[in-house]
Amino acid sequence: MESPNQSRASLLSGRPPWWTHRLYSSITTNFRLKTSIWSELGGSVGDLGTYIPIVLALVLVNHVDLCTTLFFTAMYNIVTGLLFGIPMPVQPMKSIAAVAISESETLLTVPQIMAAGICTASVLLFLGATGLMSFFYKFIPLPVVRGVQLSQGLAFAFSAIKYIRYKQDFVTGKSGPPRPWVGLDGLILALAALLFIVLVTGSGSESRDEDEDDPASTSSRPVINSSPSGRKLSKIPSALLVFLLGLILCFVRDPSIVRDLSFGPSKFHVVKITWNDWKIGFLRAAIPQIPLSVLNSVIAVCKLSTDLFPNKDVSATSVSVSVGMMNLVGCWFGAMPVCHGAGGLAGQYRFGGRSGASVIFLGLGKLILALILGNSFVRVLDQFPIGILGVLLLFSGIELAMASRDMNSKEESFVMLVCAAVSLTGSSAALGFGCGIVLFLLLKLRDLNFASLRLSTSRPAGGTD
């Protein structure tokens with residue numbers, strides 16, 4: 001390694017210092033395709049089942065600027081893809097969005113939403129920069145993490161089924177009447193998309209030749225789809241084709257969209273946040289979001305990334321700092337608060353994403369839409385078939401929930417299922433997490449006391465010599 005004097009001499013001589021070579025090597029490695037370009041493109045749309053509905057609701061209900069959100073989330077996608085080297089997702093902060101959308105009598109304003117995002121990001125940045133997040137991640141029991149993942153995955157799956165079966169009103173956040181069987185957003189269309197994805201991808205396991213450059217990641221995963229026909233089918237970007245079909249149907253359902261589209265981005269501006277906005281944003285939205293971000297956006301993401309990419313070092317510190325830095329930049333300009341979600345990572349992996357290239361492609365797509373169509377793209381999103389979004393979300397949720405299949409003992413499964421049940425029925429990952437920790441400690445204390453009792457009863461009555 002070069003010393004500071006050597007680096008200074010390198011700059012004076014016109015030769016780049018050592019760290020530029022390391023940075024360049026890291027970025028090029030993270031961008032390198034692990035599978036075909038079509039597989040990475042298919043994985044890039046794997047998390048849009050959660051991204052589009054929440055963004056659309058925030059734009060229509062709370063008047064969050066769509067162009068600004070597309071632009072900054074595009075930048076986040078590109079940067080995280082280059083830095084992490086895996087399909088690290090960029091998703092809305094769901095608890096903040098839920099509060100902003102659902103409380104219709106006192107809707108959160110844009111400054112209040114941004115204040116909530118900045119407060120949440122500041123906490124995560126502090127936890128990451130001080131090393132506390134890595135400390136928590138190291139000592140949290142695996143069954144509790146699996147319980148959080150299972151509950152989040154099932155929650156996504158339940159929402160997906162509602163998207164498929166019922167009409168949705170994202171403005172009110174409620175389900176409407178049953179979806180008709182026929183039509184451009186009917187049940188038959190959604191079921192056809194679902195069956196097509198199952199036919200192409202099977203249960204989601206992969207063949208060996210998909211990751212032949214990544215032997216460490218394949219050694220711990222089962223191999224099916226090993227037949228020639230299975231390998232050929234797995235190369236079809238099913239999610240990408242289904243998403244493109246949805247885009248085409250947007251214009252078929254409402255041809256007037258073409259007339260309403262306008263070109264050019266909106267103007268960026270700094271959001272003015274008052275003291276009252278800080279107070280409301282923190283109390284109403286940031287407080288419920290912080291535990292969810294710690295559990296699902298950092299701890300669950302890191303564990304899932306270790307499961308899927310064992311040769312990649314994705315630390316809790318780096319993920320926590322990443323979430324903090326993203327929002328401390330974008331929220332000041334009115335971009336929707338975002339995080340890294342385990343469900344998004346599962347979805348992008350499920351549909352073929354294996355490298356940072358997957359989210360880089362997604363970021364480039366968002367950037368093009370932001371710069372060319374700007375806020376007028378909301379007309380397209382408003383007509384996107386919700387049943388197709390439900391299909392994409394269903395596979396993301398199931399893939400995340402399946403991460404819990406490695407619980408090998410009844411005790412581990414017991415803790416995981418109680419944690420998941422409390423999280424689902426209480427609608428709070430933090431409550432389920434707390435119950436899981438208490439239950440895990442009680443079981444360990446019981447085992448310890450039982451072992452001590454057995455040791456004491458096994459001693460001779462006369463004592464030791």
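Strands β2 and β3 form a hairpin with four residues between them. In the turn, G173 has a positive phi of about 75 degrees. β2 covers residues 166-169 and β3 covers residues 174-178. The two strands pair in the antiparallel sense, over three bridges. Across the hairpin, Q168 stands opposite S175 in β3.

This is a predicted model. Its pLDDT averages 85 over the protein, and 83% of the residues score at least 70. One stretch falls well outside that picture: over residues 207-225, pLDDT stays under 50. The model still has 43 contacts beyond four places in sequence for residues 207-225. Where pLDDT is low, the predicted coordinates should not be read in detail.

**Aromatic pairs**

A search of the whole structure finds 12 aromatic pairs. A pair of aromatic rings is described by the distance of the centres and the angle of the planes. Two of the pairs share F72, and their values are set out below.

| Ring pair | Centre distance | Plane angle | Class |
|---|---|---|---|
| F72 and Y76 | 6.4 Å | 45 degrees | tilted |
| F72 and F268 | 5.8 Å | 35 degrees | tilted |

Why do F72 and Y76 count as tilted? Their planes stand at 45 degrees, and the tilted class takes angles that are neither under 30 degrees nor over 60. Both residues lie in helix α5, which spans residues 66-84. They are four residues apart, about one turn of the helix.

The pair of F72 and F268 links distant parts of the chain. F72 is in helix α5, while F268 is in the loop between α14 (257-260) and α15 (275-308). In sequence, 196 residues separate them.

Are F72 and Y76 buried or exposed? F72 has 8% relative accessibility, so F72 counts as buried. Y76 is buried too, with a relative accessible area of 7%. F268 is partly exposed, because its relative accessible area is 36% and the buried class ends at 20%.

These rings belong to a wider group. Ring pairs link F71, F72, Y76, F268 and F333 into a cluster.

**Charges over rings**

Which charged ends sit over tyrosine rings? The charged end of R354 sits over the ring of Y349, 3.7 Å from the ring centre. The charged end of K366 sits over the ring of Y51, at 3.9 Å from the centre.

Technical notes: Residues are numbered from 1 along each chain as its sequence is written. This is a predicted model: local features need pLDDT of at least 70, side-chain atom pairs count only at pLDDT 80 or more; totals for chains, interfaces and linings use all residues. Side-chain values use heavy atoms; hydrogens and water are left out. pLDDT is the predictor's confidence in each residue, from 0 to 100. Contact means heavy atoms within 4.5 Å. Rings of Phe, Tyr and Trp (its six-membered ring) pair if their centres lie within 6.5 Å; planes under 30 degrees apart count as stacked, over 60 as edge-to-face and the rest as tilted. Buried means under 20% relative accessible area, exposed over 50%, partly exposed in between (1.4 Å probe, protein chains only). A charge sits over a ring if NZ of Lys or CZ of Arg is within 6 Å of the ring centre and within 35 degrees of the ring normal. Two strands pair if DSSP finds at least two bridges between them.
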